[in-house]
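User: Please take a close look at one part of this model: the helix packing, and the residues that sit in or around it. Keep it brisk.

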Amino acid sequence: MKIAVCVKEVPDTTAPRRVDPETLRLDRSGEATLNPGDTSAVEEALRLKEASANGEVVVVSMAPESALNSLRKALAMGADRALLVADEAAAGSDILPTSRVLAAVISREAPDLVLLGQQASDSDGALLWGALAERLEMPLVSQATSLTVEDGTATVRRQTEFGYDVIETPLPCVIAVSDAINEPRYPSLKGIMGARKKPQETLGLDALGIAPSAAGAAGSGTQVLSLDAPPSRGETTVIEDDGTAAEKLVEFLSEGKYL
């Protein structure tokens with residue numbers, strides 16, 4: 001069984017986020033890492049591979065070529081190879097060209113199963129899996145908290161606001177996993193050392209038959225026109241804790257008639 005896992009490089013989740021005032025896009029110049037939610041998808045793919053004792057896990061992404069450093073974490077965890085679409089013309093892509101590019105890669109790979117994390121920490125969109133499944137014309141299940149594959153059928157326990165659904169779907173299909181589905185493994189030292197030796201292919205848009213005009217900002221359906229700082233909340237009062245902070249806080253709330 002071949003499993004494709006779509007992953008994304010995101011800014012370090014512990015660092016403050018800022019928007020580039022020139023491009024009106026998220027500034028990605030600092031430290032970067034593999035999206036935490038995608039590590040759950042990689043882990044689930046590895047578990048399915050290990051359960052079947054036969055298969056291949058391919059991680060797929062679209063990002064600058066430097067993102068290979070983040071993709072190597074998935075290789076260190078145990079993925080077999082990485083496939084990165086790195087093209088200047090893809091910069092600024094929204095969900096439309098992103099799903100177009102990833103669908104082209106996945107169609108070329110022809111996997112039995114496509115896994116994604118539920119959402120990325122930099123955008124929290126939780127929409128890519130739907131667009132990708134539409135382009136691939138595959139069944140889709142999201143919010144998966146458990147997954148088994150047997151005899152060409154995936155059985156998914158899906159979390160909803162009312163409880164859980166159990167859904168069966170034939171392969172190939174697209175499944176977005178919740179971070180509650182597993183606890184991703186830590187890469188071993190052996191895995192980290194061996195990650196660089198695993199196949200890592202970088203493609204341009206031309207290799208996928210996608211014109212530059214169909215990717216990046218040119219191929220996107222949305223456009224950011226302007227950005228403004230959040231409105232001021234007015235005057236603030238800072239209470240220094242010198243041992244009387246509780247009394248000062250009660251006094252402040254009383255004066256404002258909040259008590």
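Analyst: What follows starts with the whole chain, then goes to the helix pairs and single residues.

This is a predicted model. The protein has six helices and 13 strands. Along the principal axes, its C-alpha atoms fill a box of roughly 70 × 40 × 40 Å. The protein counts 259 residues, and 38% of them are buried. About 14700 Å² is exposed, with carbon and sulfur atoms supplying 51% of that area. Among contacts with a separation of 6 or more, 70% join residues 24 or more positions apart.

Now the first helix pair. Two packed helices are described by the angle between their axes and the distance between the axes. Helix α1 spans residues 36-52, and helix α2 spans residues 68-77. Their axes lie 10 Å apart, and the packing angle is about 30 degrees. An angle under 35 degrees counts as roughly parallel, and α1 and α2 are therefore roughly parallel to each other. Their crossing is right-handed.

Which residues make the contact between α1 and α2? From α1 come T39, V42, E43 and L46. From α2 come K73, A74 and M77. By class, this contact has four nonpolar, one polar and two charged residues.

Two other α2 residues deserve a look. S70 is in helix α2. Its relative accessible area is 6%, so S70 is buried. Setting aside residues up to four places away in sequence, S70 touches E9, A32, T33 and L34.

L71 is also placed in helix α2. Is L71 buried or exposed? Its relative accessibility is 0%, so L71 counts as buried. Beyond its neighbours within four places in sequence, L71 is in contact with V7, S61, A82 and L84. P172 lies 101 residues from L71 along the chain, and the two C-alpha atoms are separated by 24 Å.

Next, the second helix pair. Helix α3 covers residues 95-109, and helix α4 covers residues 128-136. Their axes come within 9 Å and cross at roughly 50 degrees. That angle makes α3 oblique to α4. The crossing of α3 and α4 is right-handed.

On the α3 side, the contact is made by I95, L96, T98, S99, R100, L102, A103, I106 and S107. On the α4 side, L128, A131, L132, R135 and L136 meet them. By class, the contact of α3 with α4 has nine nonpolar, three polar and two charged residues.

Finally, a strand residue to set beside the helices. T145 sits in strand β9, which runs over residues 140-150. T145 has 12% relative accessibility. The cut-off for buried is under 20%, so T145 counts as buried. Not counting residues up to four places away in sequence, T145 touches R157, Q159, Y164, S178, A180 and I181.

To recap the helix pairs: α1 and α2 are roughly parallel, whereas α3 is oblique to α4. The crossing of α1 and α2 is right-handed, and so is the crossing of α3 and α4. As for the single residues, S70, L71 and T145 are buried.

Notes
Residues are numbered from 1 along each chain as its sequence is written. This is a predicted model: local features need pLDDT of at least 70, side-chain atom pairs count only at pLDDT 80 or more; totals for chains, interfaces and linings use all residues. Side-chain values use heavy atoms; hydrogens and water are left out. Axes are lines fitted to C-alpha atoms, for helices over the stretch in contact, and angles run from 0 to 180 degrees between N-to-C directions. Helices (H or I, at least four residues) and strands (E, at least two) are DSSP runs, numbered from the N terminus. Angles under 35 degrees count as roughly parallel, over 145 as roughly antiparallel, 65 to 115 as roughly perpendicular and the rest as oblique. A crossing is left-handed if the near helix is turned anticlockwise from the far one by less than a right angle, and right-handed if clockwise. Contact means heavy atoms within 4.5 Å. Ala, Val, Leu, Ile, Met, Phe, Trp, Tyr, Cys and Pro count as nonpolar, Asp, Glu, Lys and Arg as charged, and the others, Gly among them, as polar. Buried means under 20% relative accessible area, exposed over 50%, partly exposed in between (1.4 Å probe, protein chains only). Accessible areas come from the Shrake-Rupley method with a 1.4 Å probe; for residues, only the protein chains shown count as cover.
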